[in-house]
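Colleague: Got a minute to go through this model with me? I'd like to talk charges, cores and odd backbone angles.

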Amino acid sequence: FRDALALDGTLAPAIFGLAETDRQQGNAEAALAGFQKLLALRRSTPDAVPQGLQIAALGNVGLLYYEKGFYEDAESALAESVALDANSAESWTNLGLVERKLGKRKEATEALRKAYALDPTNEAAVGNLALTYMDGADWINAVALLLTATQQSPSNAQLWLNLGVAQQGMENAEGAIGSFQRVLALDTDNRQGFAAAAAGYLALAYTRQNRFDLAIEQAKRETQWSPEDASGWINLGQA
């Protein structure tokens, strides 16, 4: 890519390719500079940059800003991306994530609904749409969405964890316990990081039911998997 750019510094595919390579290698600053260079070229010479590269560059800029915590900049880039291509579930999902970080629940919900409508099997879109419902304590819509999602993706531990939390919100204790137990079965060694959270929720649920032996068992699991997390020790102490 550098050799190509040495011959012609305005070659859009080479600019994008070098920036993408930097991104994959973890060189975020160089990647961001490269994508921004491509977008600057688009402004000065619109025909030089194919729309597909524009959309991809904007998406990458949005994600890089998101990772840096520059959420307003990320939102601007991703909003421009979906304006160019309104049929990308991934772009709408990323925009919804950023808007949720900014506390724009209504806008985040709208973006994630569009992502879900475009691709109902997109686990990221489903999971994050459910979280926006849960942010607003809309437990009915969250549970309905997550029940469908867990049927479509029964091995996704995160979806089961979110379902359990939403079921707790609806005060469906037995349903929540079943969902959290499913998380433990899917993430047996907490390699994905969901089992520890599920064990904590189970410890609380069993404590509320005065099933203290089961609560202690789950709280001990939580402290073993996340010994640095004070909430696990609190759960164990309460049980």
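Modeller: Sure. Before we start, one cut-off: buried means under 20% relative accessible area, exposed means over 50%, and partly exposed is what falls in between. Keep in mind that this is a predicted model.

Colleague: Then let's use that cut-off on K114: is it buried, partly exposed or exposed?

Modeller: K114 has a relative accessible area of 34%. Buried needs under 20% and exposed needs over 50%, so K114 comes out as partly exposed.

Colleague: Which residue does K114 form a salt bridge with?

Modeller: Stay in helix 7 (residues 105–118), where K114 has a partner 4 residues apart, about one turn of the helix. That partner is partly exposed, at 43% relative accessible area. The closest N and O atoms of the pair are 3.5 Å apart, and the partner is E110.

Colleague: How many salt bridges does a search of the whole structure find?

Modeller: Side chains of opposite charge can pair when their charged atoms come close. Here the cut-off is a Lys or Arg side-chain nitrogen within 4 Å of an Asp or Glu carboxyl oxygen. Searching the whole structure that way gives 8.

Colleague: What is the distance between the closest N and O atoms of R42 and E80?

Modeller: R42 is buried, at 12% relative accessible area, whereas E80 is partly exposed at 32%. The two form a salt bridge, and their closest N and O atoms are apart by 2.7 Å.

Colleague: And how many residues apart are R42 and E80?

Modeller: R42 belongs to helix 3 (residues 28–44) and E80 to helix 5 (residues 71–84). The pair links distant parts of the chain, with a separation of 38 residues.

Colleague: D187 is buried yet has no salt bridge, so which side chain of opposite charge is nearest?

Modeller: D187 sits in the loop between helix 11 and helix 12 (195–208). The nearest side chain of opposite charge is 6.9 Å away, and a salt bridge would need N and O within 4 Å. That side chain belongs to R191.

Colleague: Which residue does R191 meet in a salt bridge?

Modeller: R191 counts as exposed, at 75% relative accessibility. Its partner counts as partly exposed, at 45%. The N to O distance is 3.7 Å, and the partner is D189.

Colleague: Back to D187: which backbone nitrogen does its side chain reach?

Modeller: Leaving out residues up to four places away in sequence, D187 touches A157, Q192, G193, F194 and A195. One of these supplies its backbone nitrogen at 3.0 Å, namely Q192.

Colleague: On to the nonpolar side. Which helix gives the most to the largest nonpolar core?

Modeller: That core has 32 residues, and M134, L146, F180 and V183 touch the most other members. Helices 8, 9, 10, 11 and 12 each supply at least two of its residues. The top contributor, with 7 residues, is helix 10.

Colleague: How many residues are in the other core?

Modeller: It lies apart from the largest one, and its members include I15, F35, A57 and A115. The count is 29 residues.

Colleague: Last one, on the backbone: what is the phi of E171?

Modeller: E171 is in the loop between helix 10 (157–169) and helix 11 (173–186). It is exposed, with 74% relative accessible area. Although E171 is not a glycine, its phi is positive, at about 65°.

Terms used:
Residues are numbered from 1 along each chain as its sequence is written. This is a predicted model: local features need pLDDT of at least 70, side-chain atom pairs count only at pLDDT 80 or more; totals for chains, interfaces and linings use all residues. Side-chain values use heavy atoms; hydrogens and water are left out. Buried means under 20% relative accessible area, exposed over 50%, partly exposed in between (1.4 Å probe, protein chains only). Lys and Arg count as positive and Asp and Glu as negative; His and the chain ends are not counted. A polar contact is a pair of N or O atoms within 3.5 Å; within protein, one must be able to donate a hydrogen and the other to accept it, and residues adjacent in sequence count only if both atoms are side-chain atoms. Contact means heavy atoms within 4.5 Å. A nonpolar core is a set of buried Ala, Val, Leu, Ile, Met, Phe, Trp, Tyr and Cys residues joined through side-chain atoms within 4.5 Å.
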